[in-house]
Amino acid sequence: MELQELRYFVQIAKDGSYTKAAAQLYVSQPALSKAMKKLEGELQVPLLDVRKNTVCLTDYGQLLYERSVRLIGEFDSLQGIVRDIKEVHTGSLKIGATPMLNNMFLEKILVGFNKQFPDIRISVTERGNNQLRKMLMEGDLDLMFGIDDTPHNTLEEHLLFTDKMVVCVSKDNPLAKKERLNLDQLRDAAFNFYTPASRLHRMTLELCRRSGYEPNTNFCSSNVDSVMRLTAKGRGICFFPRSYAEFAGVPGIHIIPLDEEFLWQPCLVKNTALYQSVASKRFEEYTIRFFEENGCDV
């Protein structure tokens, strides 16, 4: 068994396709197929289930995939250690951020960090909280800006700040006359939701269900601004963190405090199972200091 074969196997598993994996790895499909047959022959178990439109992992394949991701990450970290010794102020970073955190903060953080460390290259990926955590677990990100979630034994969260969720309605909505609202008053409201894959969506559902009802879904979008704009036109209500609702500044939106405790807690997350480069440590330190000095002020 060779490390290159494991890299091939992991890429096929991620892409669910020999064709896509071959393009990513710059090798031919026959070469990938040959390497996988050799790997399965050595282990004497099936690893990949090739179907018409996709390639799936067998039970054996899933176990090997999980261990291979960690093994490759540890091997690659050896090269990172050597680079850090030679290049303390250079390197590259792969950062992930949820759409709201990306819109609100990332530009300011990147500009300030780049002034201090102009030779550190940074790439940014915008995805939902769950997708980013998966990428972080698989070693495809160095750090991510996300929302606090279920604890994981290798993902370490650093809380950046805490904000309260508010109810956003149009200024013409009868609810806009209220100084405060509670969840029971929203029982018959039409809810505009951010994407079901988001932590915010799940939090809203959980809160309403604890109050004894299933929220009436009016609209759902993966674009946070679309949710806000539709609400401003008098079509339903939505929940957003106060800081984001004020940052977005959508005309026609009225913000109302919520009686129940409904918190938004952005975090900087890293995978402690993988080696953290000096560049990543510098960015982590800079980000934590940024929020200590500014909080959620944008």
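Two strands pair if DSSP finds at least two bridges between them, and strands themselves are DSSP runs (E, at least two residues), as helices are (H or I, at least four), numbered from the N terminus. The views below come from a predicted model, in which local features need pLDDT of at least 70 and side-chain atom pairs count only at pLDDT 80 or more, while totals for chains, interfaces and linings use all residues. Residues are numbered from 1 along each chain as its sequence is written, and side-chain values use heavy atoms, with hydrogens and water left out.

**View 1. Strands β5 and β13 run side by side in a five-stranded sheet.**
Let us start with one pair of residues: methionine 144 has valine 269 of β13 as its bridge partner. The two strands, β5 (residues 143-147) and β13 (residues 266-271), run antiparallel and are joined by 4 bridges. Step back, and the open sheet reads β4-β3-β5-β13-β6, with mixed pairing. β4 (120-126) and β6 (155-159) are the edge strands; each has a single partner, so one side of each lacks a neighbour in the sheet. From one strand to the next, the twist averages 25 degrees.

**View 2. Helices α5 and α6 lie across the sheet.**
For these views, contact means heavy atoms within 4.5 Å. Angles run from 0 to 180 degrees between N-to-C directions, and axes are lines fitted to C-alpha atoms, for helices over the stretch in contact. Helix α5 (residues 99-116) lies across β3 (91-97), β4, β5 and β13, and runs at about 175 degrees to β4. Helix α6 (residues 129-137) lies across β3, β4, β5, β6 and β13, at about 150 degrees to β5.

**View 3. The largest nonpolar core gathers 59 residues.**
Here a nonpolar core is a set of buried Ala, Val, Leu, Ile, Met, Phe, Trp, Tyr and Cys residues joined through side-chain atoms within 4.5 Å. Buried means under 20% relative accessible area and exposed over 50%, with partly exposed in between (1.4 Å probe, protein chains only). Phe145, Val167, Leu186, Phe191, Met228, Phe239 and Phe240 have the most contacts inside this core. Helix α5 gives the most to it, with 7 residues. A good place to zoom in is leucine 186, whose contacts include Val167, Phe191 and Phe239, leaving aside residues up to four places away in sequence. A second, separate core has 19 residues, among them Tyr18, Leu47, Val69 and Ile72.

**View 4. Strand β10 pairs with β7 and has buried residues pointing both ways.**
Strand β7 (residues 163-170) and β10 are joined by 4 bridges and run antiparallel. Cysteine 168 stands opposite cysteine 238 in β10. Along β10 (residues 238-241), Cys238 and Phe240 point one way, Phe239 and Pro241 point the other way, and all are buried. In a regular strand, side chains alternate between the two faces of the sheet.

**View 5. Helices α1 and α3 cross at about 110 degrees.**
Their axes are 10 Å apart. That angle makes α1 roughly perpendicular to α3 (65 to 115 degrees). On the α1 side, the contact is made by Glu5, Leu6, Tyr8, Phe9 and Ile12; α3 supplies Leu32, Ala35, Met36, Lys38, Leu39 and Glu42.

**View 6. Glu5, Lys38 and Glu42 are linked in a network of salt bridges.**
A salt bridge is a side-chain nitrogen of Lys or Arg within 4 Å of a carboxyl oxygen of Asp or Glu. Lysine 38 meets glutamate 5 at 2.7 Å, N to O. This pair links distant parts of the chain, with lysine 38 in helix α3 (residues 29-43) and glutamate 5 in helix α1 (residues 3-15), 33 residues apart. Glutamate 5 is buried at 6% relative accessible area, whereas lysine 38 is partly exposed at 38%. Lysine 38 also forms a salt bridge with glutamate 42, at 2.8 Å between the closest N and O atoms. Those two are 4 residues apart in helix α3, so about one helical turn separates them. Glutamate 42 is partly exposed, at 37%.

**View 7. Lysine 14 and aspartate 140 meet in a salt bridge.**
The N to O distance is 2.8 Å. Lysine 14 sits in helix α1 and aspartate 140 in the loop between α6 and β5, 126 residues apart. Both count as partly exposed, lysine 14 at 30% relative accessibility and aspartate 140 at 26%. The structure holds 14 salt bridges.

How values were computed: Parallel < 35°, antiparallel > 145°, perpendicular 65-115°, else oblique.
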